[in-house]
Amino acid sequence: MLDRVIAFSLKNRWLVLLAALALVVAGTYRLAHAPVDVFPDLNRPTVTVMTEAPGLAPEEVEVLVTRPLEYQLNGATGVRRVRSASGVGLSVVWVEFDWGTDIYRDRQVVSEKLQLARERLPADAKVTVAPISSIMGEVMIVALRSTEPGTAPQEKLDKAMQVRTLGEFAVRNRLLAVEGVSQVTVMGGVLRQYQVVTAPDRLAAQGVTLEQLTKAAENANVIAGGGVMERKQEEHLIRISGQSLALDDIGETPVVWRDKRAVRIKDVADVRFAGPVRRGDGGVRVRGPDGVAGGDAVILAIQKQPGANTLELTPKIDAALDGIERELPADVKVERHVFRQADFIRAAIDNVVEAIRDGTIWVVLILLLFLANFRTSFIT
């Protein structure tokens with residue numbers, strides 16, 4: 001059989017050369033378009049369910065949230081395994097399906113089961129199905145830091161809130177618009193909150209209950225529709241805008257009326273900008289031409305969609321960051337090289353290319369030395 005193949009090849013040299021050329025062209029095309037990643041998807045199709053239960057301890061989260069979800073999801077169609085983790089006010093459930101199943105169908109199955117499980121969960125529990133992401137989906141970690149964080153405690157707090165607000169609502173939304181980005185997780189900094197802080201003695205002095213104060217604070221930020229007013233052949237929309245964005249406006253909101261006088265929020269509480277109880281922080285340490293710089297920072301972890309090409313997605317993210325940097329304040333800097341998965345991939349490809357190149361050179365040299373035939377070495 002081998003003799004026939006050799007004889008056929010010798011008689012039809014041009015045909016063999018054309019076939020070899022076609023294989024080279026096809027291989028080059030496939031190589032240029034082949035997906036390159038650090039690891040393939042090694043896990044089954046998985047749907048992640050995250051539930052926030054504010055104020056509950058891990059034991060209570062396990063009993064009241066995680067177990068009811070597990071009981072419902074264990075009997076779902078195609079489910080192979082259900083894993084979970086319970087923390088302070090947070091439950092995470094991973095639902096794994098069979099290999100080869102459609103992830104969108106799996107998410108639909110989970111969503112249907114969640115509708116049945118909501119009745120057994122606490123009233124204030126918020127159930128969310130996490131976005132689809134790959135096992136090696138964290139393609140880049142970006143840090144936002146202030147070059148002028150201030151020295152006074154209030155200056156540091158204001159700057160931390162400013163940077164977190166930029167990362168949460170400006171940078172994150174721009175990055176989510178990039179094709180191929182699945183999720184952007186923001187960590188660190190101080191999330192700005194409108195806080196109404198009171199004390200029992202202040203409420204008692206004005207004869208106001210905590211429930212009344214809470215209701216007044218909620219009414220200070222309400223937008224409602226008023227319907228349509230008709231005049232002859234015209235219609236006019238009626239808007240009821242009670243949204244208060246300034247601290248003074250919230251403070252002037254009435255809580256109760258007594259003797260034709262309003263007891264306002266600022267009479268029984270302090271209204272201020274502040275952050276929640278911090279359960280973590282973020283920081284970055286970078287080396288530049290002026291030495292080592294860094295400090296407190298807001299970290300943005302960017303995850304890609306399954307099947308997205310990391311080497312193609314990274315330049316798109318860089319282009320989006322270029323546009324974002326032009327709009328940021330002068331004292332806020334974007335650090336892009338905290339973690340870049342594309343750098344690891346390129347380094348691995350360079351190592352493979354170097355190994356193939358060196359191996360080819362040594363093979364040619366050894367054949368040339370032992371066979372003393374340049375043609376044979378060149379063909380090899």
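Let's start inside a sheet: valine 184 has isoleucine 302 of strand E15 as its bridge partner. Keep in mind as you look around that this is a predicted model. The pair sits where E6 and E15 run antiparallel, joined by 6 bridges.

Now widen the view. Which strands make up the sheet, and in what order? There are 4 of them, forming an open sheet in the order E6-E15-E5-E16, with antiparallel pairing. Strand E6 (181–187) and strand E16 (332–340) are at the edges with a single partner strand each, so one side of each has no neighbour in the sheet. From one strand to the next, the twist averages 20 degrees. As for what holds such an arrangement together, strands of a sheet pair through backbone hydrogen bonds, either parallel or antiparallel.

On to the other pairing that E15 makes. Strand E5 (residues 138–146) pairs with strand E15 (residues 298–304) in the antiparallel sense, over 6 bridges. You can pick out individual partners here: glutamate 138 stands opposite glutamine 303 in E15, while valine 142 has leucine 300 of E15 as its bridge partner.

Is E15 mostly covered or mostly open? It's mostly covered, with 7 of its 7 residues buried. Follow the side chains along E15 and you'll see Val298, Leu300, Ile302 and Lys304 pointing one way, with Ile299, Ala301 and Gln303 pointing the other way, and all of them are buried. Lying across E5, E6, E15 and E16 is helix H5 (residues 153–176), which runs at about 175 degrees to E6.

Next, a pair of helices. Helix H10 (residues 310–327) packs with helix H11 (residues 341–371) at an angle of about 135 degrees, and their axes are 9 Å apart. H10 and H11 are therefore oblique to each other, and H10 passes H11 in a left-handed crossing. Who makes the contact? On the H10 side you'll find Thr310, Leu311 and Thr314, and on the H11 side Gln341, Ala342, Ile345, Arg346 and Ile349.

Now head back towards the start of the chain, to helix H3 (residues 58–73). H3 bends by about 35 degrees at threonine 66, with a proline, proline 68, following within four residues. Both threonine 66 and proline 68 are among the buried residues of H3, a list that also includes Val61, Val65 and Leu69. What do these buried residues pack against? Their neighbours are strand E1 (46–52), strand E2 (79–87), strand E3 (90–97) and helix H4 (103–117).

Just past H4, in the loop between H4 and strand E4 (126–129), sits alanine 125. Alanine 125 is buried, because its relative accessible area is 16% and the cut-off for buried is under 20%. Neighbours within four places in sequence aside, alanine 125 is in contact with Thr51 and Glu52. Histidine 33 is another matter: its C-alpha atom and that of alanine 125 are separated by 45 Å, with the two positions 92 residues apart along the chain.

Let's finish on a loop, the one between strand E10 (254–258) and strand E11 (261–264), where aspartate 259 lies. Aspartate 259 has a positive phi of about 50 degrees although it is not a glycine. Lysine 260 is in the loop between E10 and E11 too, and its phi is positive as well, near 60 degrees. Are these residues buried or exposed? Aspartate 259 is exposed, with a relative accessible area of 79%, and lysine 260 counts as exposed at 86%.

Notes. Residues numbered from 1 in each chain as written. Predicted model: local features only at pLDDT ≥ 70, side-chain atom pairs only at ≥ 80, totals over all residues. Heavy atoms only, no water. Bend = angle between axes of the 7 residues up to and from the residue. Helix = DSSP H or I, 4+ residues; strand = E, 2+ residues; numbered from the N terminus. Buried < 20%, exposed > 50% of the residue type's maximum accessible area, 1.4 Å probe, protein only. Contact = heavy atoms within 4.5 Å. Pairing = 2+ DSSP bridges. Axes fitted to C-alpha atoms, helices over the stretch in contact; angles between N-to-C directions. Parallel < 35°, antiparallel > 145°, perpendicular 65-115°, else oblique. Left-handed = near helix turned anticlockwise from the far one by under 90°.
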